Amino acid sequence: MNIYRKKEFLEKVPIKEVTAKSILRKYKKIESWFLTCYGMNLYRGCAHNCVYCDGRSEKYQVDGEFGEDVIVKINAIDLLRREFNLKRKRAPFKQGYIGVGGGVGDSYQPVEEKYELTRKTLHILYEKKFPVHVLTKSTLVKRDIDIFKKINEQNRVIVSMSFSSADDKISSVFEPGVPSPSERLETLRFFKKQGIACGMYLMPVIPFITDTPKQIESTVKKAKEAGIDFIIFSGMTLKDGRQKDYFMDVLHKIYPDLVVDYHNIYKGNKWGSPTVEYHSSIYKTFNIISRKYNIPQRIPLSLYRDILSENDLVVVMLEHIDYFMKMQGKKSPYGYAAYSISQLKEPLSNMKTNLRNIGGVGSFTEKIILEILETGSSSYYEKLLSG
Ligand code: SF4
């Protein structure tokens with residue numbers, strides 16, 4: 001059953017309207033998985049009710065029954081207008097995409113049909129000339145094609161959707177409140193036809209169910225056919241408490257034979273991560289398959305080179321290099337170097353002769369940075385990307 005499509009669904013969701021103190025969240029450093037320096041949650045709680053959702057974890061302090069109660073930040077648009085008012089700001093906004101779509105509530109969940117906070121936010125972002133990256137699981141995102149096209153003509157938009165697989169049957173168990181993967185892929189095809197860049201966040205893959213080579217290959221193949229620009233991959237975390245209890249309860253009912261396997265890979269670490277061995281094995285599988293289909297595993301440089309400041313461009317590229325090194329099981333100094341650069345106040349081009357004084361920057365990293373500053377790219381980065 002896809003409850004998303006049921007007309008009476010909206011009336012059934014207990015909605016609580018609250019007055020928020022702030023909306024826009026500035027990150028400590030650019031988020032290289034999404035290319036965003038700012039994000040927002042217009043809603044708290046999510047009626048999509050994915051079984052694995054980590055928004056259910058106590059860590060995020062979402063009040064009420066997750067999956068049923070939804071909080072609407074009723075003054076969000078007034079607040080955003082104030083927060084985006086450049087005259088009120090002491091420091092300029094950081095360059096980068098503005099992220100619309102939070103971890104504790106999908107911006108296009110059913111209440112959006114009534115409140116239209118996401119649509120109104122997009123209008124503000126268009127007026128303020130920001131590039132936008134939207135992440136959702138809902139086909140309602142198509143409603144806003146008019147405004148996405150305007151933002152894309154003026155600047156750039158990425159529309160991304162998240163998946164745990166492209167299998168409609170499995171999705172109906174673990175993602176009971178969202179349109180099927182087939183409908184989501186169709187939505188991405190629709191945006192691609194309109195000239196808008198699209199990403200797939202293949203996360204989380206569900207252990208022993210959607211992480212098999214067969215499932216991953218089927219998903220990557222369908223993404224390729226839909227013309228998607230990149231796939232970002234990740235495994236599933238299960239934090240002790242509400243998130244794990246809820247997930248394991250469903251697993252017990254539908255896949256009882258897998259319970260022991262789950263206990264073997266989720267040993268209660270504080271981030272809810274599976275064991276390193278399991279983690280490496282699924283990344284290895286994804287790496288082989290994504291290279292076979294020639295799909296980028298990070299957001300391609302062409303979608304951010306002209307958008308980021310020079311320091312953030314270097315940070316993102318070093319973090320992407322770090323990702324590829326770790327995928328190959330190698331040690332990498334690039335993550336630390338990227339973090340150190342993200343904390344600098346001065347542009348790197350003013351520091352060309354002192355780069356080695358930056359934490360984590362050795363002679364090879366220095367070479368990479370200088371090449372990026374001169375050409376906007378790095379031959380080492382491109383080599384890693386192409387495998
Ligand atoms: S759509 Fe996203 S935020 Fe909503 S329940 Fe699913 S995983 Fe959680």
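User: What do the buried residues of α9 pack against?
Analyst: They pack against α10 (259–265). Keep in mind that this is a predicted model. The buried residues in question are Q243, K244, F247 and L251.

User: How do you know whether those buried residues line one face of α9?
Analyst: Look down the helix axis: the buried residues fall within an arc of 85°, so they line one face. The face turned away from that buried side carries the exposed residues D245, D249, H252 and K253. Here's a handy rule: an α-helix has 3.6 residues a turn, so residues three or four places apart point the same way.

User: How do you know whether the length of α9 agrees with what's expected?
Analyst: Set one value against the other. Helix α9 (residues 242–254) has 13 residues, which should span 18 Å at 1.5 Å a residue. The end C-alpha atoms of α9 are 19 Å apart, and that agrees.

User: And what about α14, how far does that helix reach?
Analyst: Helix α14 (residues 363–375) has 13 residues and reaches 18 Å from first C-alpha to last, close to the 18 Å expected. Buried in α14 are T365, I368, I369 and I372. They cover an arc of only 95° around the axis, and therefore sit on the same side of α14. What covers them includes α12 (310–327), α13 (334–342) and α15 (379–386). On the face turned away from the buried side you'll find the exposed residues S363, E374 and T375. After α14 comes G376, with a positive phi near 80°.

User: Why does Q297 count as buried or exposed?
Analyst: Count the neighbours. A residue is buried if 20 or more other C-beta atoms lie within 10 Å of its own. Q297 has 22 C-beta neighbours inside 10 Å, so Q297 counts as buried.

User: Where is Q297, and what is Q297 in contact with, leaving aside neighbours within four places in sequence?
Analyst: You'll find Q297 in the loop between α11 (276–292) and α12. Leaving aside its neighbours within four places in sequence, Q297 is in contact with I231, F233 and S290. As for E310, that residue is 13 residues from Q297 in sequence and 22 Å away in space, C-alpha to C-alpha.

User: Let's do strands. What makes β1 and β4 edge strands?
Analyst: Picture an open sheet of 3 strands in the order β1-β5-β4, with mixed pairing. β1 (15–18) and β4 (43–44) each pair on one side only, and that makes them the edge strands.

User: What makes the pairing in that sheet mixed?
Analyst: Strands of a sheet pair through backbone hydrogen bonds, either parallel or antiparallel. In this sheet, β1 and β5 (residues 70–73) pair in the parallel sense over 4 bridges, while β4 and β5 pair in the antiparallel sense over 2 bridges. Two strands pair if at least two bridges are found between them. V72 in β5 is the bridge partner of E17, and Y43 stands opposite V72 as well.

User: Which way do the residues of β5 point, and are they buried or exposed?
Analyst: V70 and V72 point one way, I71 and K73 the other, and all are buried.

User: Which residues are around the ligand, and how do they split by class?
Analyst: Around the ligand are C46, H48, N49, C50, C53, G55, G105, D106 and K137. By class, that shell has 3 nonpolar, 4 polar and 2 charged residues.

Definitions and conventions:
Residues are numbered from 1 along each chain as its sequence is written. This is a predicted model: local features need pLDDT of at least 70, side-chain atom pairs count only at pLDDT 80 or more; totals for chains, interfaces and linings use all residues. A residue is near a molecule or strand if its C-beta atom, placed from the backbone, lies within 6 Å of it. Ala, Val, Leu, Ile, Met, Phe, Trp, Tyr, Cys and Pro count as nonpolar, Asp, Glu, Lys and Arg as charged, and the others, Gly among them, as polar. The expected span of a helix is 1.5 Å times one less than its number of residues. A residue is buried if 20 or more other C-beta atoms lie within 10 Å of its own, exposed if 12 or fewer, and partly exposed in between; C-beta atoms are placed from the backbone. The arc is that of the directions from the helix axis to the C-beta atoms. Two residues are in contact if their C-beta atoms, placed from the backbone, lie within 7 Å.
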